[in-house]
Amino acid sequence: MTKCFNRGQNSSLPRLLYVGDVPVESSYHGSALIYRLLQIYPADNLMIVEAGLSESKSARRLSGVRYAPSLQPGRRWLNTRLHGFVASLFTFLAPYRERAIKRTLGEFRPEAVLTVAHGYSWIAAARYAGRHNLPLHFIVHDDW
């Protein structure tokens with residue numbers, strides 16, 4: 001793989017906001033793929049909002065990158081017999097979680113948004129990008 005930029009350099013790459021249910025950590029499956037995709041991205045131009053059902057482990061995170069948890073409220077209800085109802089409710093309410101993303105950012109002003117089609121937070125990420133007129137990078141992988 002040819003590097004197009006060095007991780008330590010401040011490059012012309014946009015300030016990128018990742019919002020997703022897939023944690024960005026050096027572990028396995030989709031988490032490892034997103035980790036590898038972002039591991040050479042300039043740390044000062046990247047913020048990761050973990051908006052899903054679980055948080056990444058700090059020892060497995062990208063070094064120097066801001067991670068902000070904004071976990072799905074009521075996520076434990078997905079592990080009950082009410083799963084179907086709760087999943088529908090989470091899907092319906094997902095666009096409104098855009099406000100939580102905005103509060104989480106603090107001083108970080110993204111110029112582009114990255115998300116993965118998994119879970120519910122991609123809907124909030126898409127709404128945030130649309131409302132702020134930002135490009136949305138949408139990764140779809142093995143989604144039925």
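Visitor: Let's kick off with asparagine 133: does it count as buried or exposed?
Guide: Keep in mind that this is a predicted model. The cut-off for exposed is over 50% relative accessible area. Asparagine 133 comes out at 72% relative accessibility, so it counts as exposed.

Visitor: Where does asparagine 133 sit?
Guide: Its backbone is a bit unusual to look at: asparagine 133 is not a glycine, although its phi is positive, at about 55 degrees. As for its place, look in the loop between α4 and β5 (136-139).

Visitor: Moving to helix α4 (residues 121-131), how is helix α3 (residues 98-105) oriented to it?
Guide: In general, two packed helices are described by the angle between their axes and the distance between the axes. Here the axes of α3 and α4 come within 8 Å and cross at roughly 70 degrees. Angles of 65 to 115 degrees fall in one class, so α3 is roughly perpendicular to α4.

Visitor: And how many nonpolar, polar and charged residues does that contact of α3 with α4 have?
Guide: On the α3 side you've got Glu98, Ile101, Lys102 and Leu105. From α4 come Ala124, Ala125, Arg127, Tyr128 and Arg131. Sorted by class, the contact has five nonpolar, no polar and four charged residues.

Visitor: What about helix α2 (residues 83-93): how do its buried residues fall around the axis?
Guide: The buried ones are Val86, Ala87 and Phe90. Looking down the axis of α2, they line one face of the helix, because they fall within an arc of 100 degrees.

Visitor: Which residues are exposed on the other side of α2?
Guide: The buried side holds Val86, Ala87 and Phe90. Go round to the other side of α2 and the exposed residues are Phe85 and Phe92.

Visitor: Now strand β2 (residues 46-50): which of its residues are buried on each side?
Guide: Side chains in a regular strand alternate between the two faces of the sheet. In β2, five of the five residues are buried, and both faces are covered. One side has Leu46, Ile48 and Glu50, while the other has Met47 and Val49.

Visitor: Which residue of β3 stands opposite methionine 47?
Guide: Methionine 47 of β2 is the bridge partner of leucine 17, where β2 pairs with strand β1 (residues 16-20) in the parallel sense over five bridges. β2 also pairs with strand β3 (residues 66-69), again in the parallel sense, over four bridges. In β3, the residue opposite methionine 47 is arginine 66.

Notes:
Residues numbered from 1 in each chain as written. Predicted model: local features only at pLDDT ≥ 70, side-chain atom pairs only at ≥ 80, totals over all residues. Heavy atoms only, no water. Buried < 20%, exposed > 50% of the residue type's maximum accessible area, 1.4 Å probe, protein only. Helix = DSSP H or I, 4+ residues; strand = E, 2+ residues; numbered from the N terminus. Arc of directions from axis to C-beta. Pairing = 2+ DSSP bridges. Axes fitted to C-alpha atoms, helices over the stretch in contact; angles between N-to-C directions. Parallel < 35°, antiparallel > 145°, perpendicular 65-115°, else oblique. Contact = heavy atoms within 4.5 Å. Nonpolar A, V, L, I, M, F, W, Y, C, P; charged D, E, K, R; others polar.
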